[in-house]
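Notebook open. I wanted the overall build first checked through its helices, then through whole-chain totals.

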Amino acid sequence: MLAFDSSGHGRDRVVVLIHGWPLNRSIWSVVAPRVATADFRVLAPDLPGFGDSPPIDLGRATVEAYAEEVAKFIDPFKAQRLAVAGHSFGGYVALALAERRPNAVAGLGLIASRTTADSETARRGRLETIEKVRSGGTKALLPGLAEKLVGPRAAPEWRGRATQIIERARPDGVMAGLGAMAARPDHTALFDSFGGPRLVIHGTEDGLIPVSEAARIGPSPPDVRVIVDGIGHMPMWEAPEATADAVISWASSLRR
C-alpha cells in the first residue's frame, strides 16, 4: 500500500497528483487543499521508494511498474471519473497509467513534464547519476539539483526545502526512479490522441525540462494549457494559486 495524503470528500470526482523525482507527496501540501475546496477528493501518494512508501526493486523499476502500483492504490476508491496529473517523473508515470488503464483515467495532466523519451545523452547521464548515488548517497545530487528545481526568482525557502527533501530521499528509491526514467518510451502519440481533458502546466524558467519541451495542446476547453512566466520546475511551490486554478479548471470538465 502506498503512503498518501487525502484532501476533500468528493467520492466520484477524484484528482490524483503524482510527485516527481526525487521528491515525495509533500510537494502538493499547498495545492491539494485548494483543489479540494472545489468539491474534489484529492489523493497524493508517495511513489514506491519515495517518502513513506515501500521500495521497488531496481531491476523491475519501469514507469509501467510504478503505474501499476498507482493503479492498485486507486482501485479501492472506485472513482467513476478519475483525473490524474503528474509532476516531472510523475508525469511519465501518469502517461504509463493512461496507457495501461485507459478506462480508469478520464483526465490526463502533465506538470513540468514532457511526453518524449530520453535522448541517448540524457540516458547515459541518468545511468552515471545512479553510480554517483550508489557511491555517495543522495547528497551526491547536491547542490546542483536543488538549484535547478526552483526558478531563480523563487523565494529562498523553497531551495532549502528542496535540499531537505533530497537529503532525506532513500538512495534505493532515487536510483530506481533514475532507471525507470532512462528506459521510458515516447508517449507523445498517446498524449496527443488522449480522448479526455488534458492539462499542461509549465514554467518559463524551468531549469530541468525547458518550456520548449512542454506538450502542445489547443487553448480551448476541455484542454487546459498554462505557461507561468518566471516560474521554474516547481509550479506547485512557486505559483500554487495558478497551479491549483488550472487543475480545478481541467478536472471540472469531467463533470460535464
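I began with helix H3, residues 89-100, taking helices as DSSP runs of H or I with at least four residues and strands as E runs of at least two, numbered from the N terminus. Its 12 residues should span 16 Å at 1.5 Å a residue, and the end C-alpha atoms lie 17 Å apart, which agrees. The expected span is 1.5 Å times one less than the number of residues.

I noted the setup: this is a predicted model, where local features need pLDDT of at least 70, side-chain atom pairs count only at pLDDT 80 or more, and totals for chains, interfaces and linings use all residues. Residues are numbered from 1 along each chain as its sequence is written, and side-chain values use heavy atoms, without hydrogens and water.

Next I looked up burial in H3. Buried means under 20% relative accessible area, exposed over 50%, partly exposed in between (1.4 Å probe, protein chains only). In H3, 10 of the 12 residues are buried, so the helix is largely enclosed by the rest of the structure. Among them are Phe 89, Tyr 92 and Leu 97.

I turned to H10, residues 240-252. Its 13 residues reach 18 Å from first to last C-alpha, close to the expected 18 Å. Its buried residues include Pro 240, Ile 248 and Trp 250.

Then the whole protein. I found 10 helices and seven strands. The radius of gyration, over C-alpha atoms, is 17 Å, close to the 18 Å of the globule rule for 256 residues, so the protein is as compact as a globular protein of that length. That rule is 2.2 Å times the number of residues to the power 0.38. The C-alpha trace spans about 50 × 40 × 30 Å along its principal axes. Buried residues make up 57% of the 256.
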